[in-house]
Amino acid sequence: MHQEIHVQVAVIGSGPSGYSAAFRCSDLGLDTILIERYDTLGGVCLNVGCIPSKSLLHIAKVIKEAKELSDTGVFFDKPVINIEKIRNWKNSVIHKLTSSLSQMRKKRNIKIIQGHAIFDSNKNLFVKGIKNDLTIHFENAIIATGSKPIKLPLMSENNSMIWDSTDALLLNNIPNRFLIIGSGIIGLEMATIYSALGSKVDIVDRFQQFLPAIDQDVTNVYLKAMNKKFNILLNTHVEKVNFKDNVLSAKIIRESGSEDHLNYDAILVAIGRKPNIDALGLDRIGLKINDLGFIEVNQQLKTNVKNIYAVGDVTGMPMLAHKGIHEGRIAAEVISGKNHYFEPKVIPSVAYTEPEIACVGVSEREAIKKNINYEVAKFSWSGSGRAMASNCSVGLTKLIFDKNNNQIIGGSIVGTNAGELIGEIGLAIEMGCDSEDIALTIHSHPTLNESIGLASEIFQGTITDLLNIKKNK
């Protein structure tokens, strides 16, 4: 049976950008339908990405902190890992969130269709449904189909020991020897999780520095705090992988030309992600794709096809859920007639490792490249009372100021809960705060976010907690 549906807005994909777009459309009075190929809402982020990884990273953090408490005189037995109970707890967290999304969808009267959507024209979608096929006639469509891991040709797709991030988060087993290819955020987070659970982890990356967008003085602090919990092999690549006797043998080539043949129980490929747009029939409607393979949109998230919008990972970097959520809302508001634009000054990025690495705005490296007249103010957490009392004194808060007007233009934090602290810097940049605005804001003592105020005082030349190199200002 072939069904036909008429709707004002069709949203393809129910990840953070998709459900945010659909929910906002409904709240603005638009008749909205949501098309999703899986049987739960939330996309990669809630089901096989952000949420399960943060659940497991929480466990890794507690294991680390319990071990470190021995320095204070509190001793715990070696942790016993019940992988099934951990997996069930992680899945319960996912279920609570996806169930909540489902309830919100129902209360907003948004119909959901499970199936694969393909454009017939700029007014029609054909949906190959789970139960039956449908044609959806729409006035506007929002593409929010997210992204998928990039695969390496040298890796056998049929080998269950070759993982992508989804496989790693299933937590089916804890490999004794674990190789991660790629030292980006996903690679570092998986290394944090699996090393805490007992794996011996090697990370291999072709580049000279991991997280190359972040200043090296920040990543150096991370390496010191990480304290060799796993190996990071830079300027290195995997040339070949052989499978024999239930073991993966990797041929690893270093920049010098030397090579190693190392055995692993599992290999995670974490070299990036690409947009899920291949099967949408975009060529049928003449939708424009940029040179990097992403859908081209303007600041109102409009594509070159006037009634079709795109939000989230399909629009390009940064491929972050919080960016997609805001894009989804803007697209909905534009469709409803509001003259709104997606124009953030900055978008924060966080590696939820232990310690965490967070950054927002202009890095020092970028300031140099753009020839900005800048100044750096850094506060080491070794001078923070709260950090010392919390056994996390290996950390750094780094602020970048424009010397022409003393406005804050960027910041990085490495340390415990850096992802929670970076919000203040983002808000300060969005509001155009100068160093005095931050320095004269009274921060609670002792706290970790106090380090932001203290770094601003260093720039101002008013700090009393450290020796003041600008004391005559």
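Start by selecting E239 and K251: these two form a salt bridge, with the closest N and O atoms 2.9 Å apart. A salt bridge here is a side-chain nitrogen of Lys or Arg within 4 Å of a carboxyl oxygen of Asp or Glu. E239 sits in strand β11 (residues 236-244) and K251 in strand β12 (residues 247-254), so the pair ties together parts twelve residues apart in sequence. Helices (H or I, at least four residues) and strands (E, at least two) are DSSP runs, numbered from the N terminus.

Colour both residues by accessibility. E239 is partly exposed, at a relative accessible area of 41%. K251 is also partly exposed, at 21%. Buried means under 20% relative accessible area, exposed over 50%, and partly exposed in between, with a 1.4 Å probe and protein chains only.

Before moving on, note that this is a predicted model: local features need pLDDT of at least 70, side-chain atom pairs count only at pLDDT 80 or more, and totals for chains, interfaces and linings use all residues. Residues are numbered from 1 along each chain as its sequence is written, and side-chain values use heavy atoms, with hydrogens and water left out.

**More salt bridges**

The structure holds 19 salt bridges. Select D217 and K378 next. Their closest N and O atoms are 3.0 Å apart, in a salt bridge. D217 lies in helix α7 (residues 216-226) and K378 in strand β19 (residues 374-380), so this pair ties together parts 161 residues apart in sequence. D217 is partly exposed at 22% relative accessibility, and K378 is partly exposed at 39%.

Which residues does one network of salt bridges with shared partners join? Add D215, E364 and K398 to the selection: together with D217 and K378 they make up that network.

Now pick D202 and R177. Their side chains meet in a salt bridge, 2.9 Å from N to O. D202 is in strand β9 and R177 in strand β8, 25 residues apart, and the pair links distant parts of the chain. Is D202 buried or exposed? At 5% relative accessibility, D202 is buried. R177, at 25%, is partly exposed.

**The parallel sheet**

Stay with β8 and β9 and bring up their sheet. The order is β7-β14-β8-β9-β10, an open sheet of five strands with parallel pairing. Two strands pair if DSSP finds at least two bridges between them. At the edges are β7 (162-163) and β10 (231-233), each pairing on one side only.

Select residues 177-181 and 266-269. These are β8 and β14, and they pair in the parallel sense over four bridges. Click L179: its bridge partner in β14 is I267.

**Helix α6 on the sheet**

Select residues 185-196. This is helix α6, which packs on the sheet and touches β7, β8, β9 (200-204), β10 and β14. Contact means heavy atoms within 4.5 Å. The direction of α6 makes about 170° with that of β9. Axes are lines fitted to C-alpha atoms, for helices over the stretch in contact, and angles run from 0 to 180 degrees between N-to-C directions.

Nine of the twelve residues of α6 are buried, so the helix is largely enclosed by the rest of the structure. Among the buried residues are L188, M190, I193 and Y194. E189 is on that buried list as well.

Check the helix length. At 1.5 Å a residue, the twelve residues should span 16 Å, and the end C-alpha atoms are 17 Å apart, which agrees. The expected span is 1.5 Å times one less than the number of residues. Just past the helix, look at G198: its phi is positive, near 120°.

**Annotated sites**

Select K54, T145, G146, S147, D313, M319, L320, A321 and H322. An unreviewed UniProt entry marks these as "binding site". UniProt positions are given in the numbering used here, feature names are shortened, and annotations may be inferred rather than shown by experiment.

Zoom in on G146. It lies in the loop between β5 (134-143) and β6 (147-149). G146 counts as buried, at 19% relative accessibility. What does G146 contact, leaving aside its neighbours within four places in sequence? The contacts are P275, N276, D313 and V314.

Move to A321, in helix α8 (residues 321-335). A321 is partly exposed, at 26%. Leaving aside neighbours within four places in sequence, A321 is in contact with P16, C45 and C50.

Finish with residues 347-453. The unreviewed UniProt entry labels them "domain: Pyridine nucleotide-disulphide oxidoreductase dimerisation". The span is 31% helix and 30% strand, and its end C-alpha atoms lie 21 Å apart.
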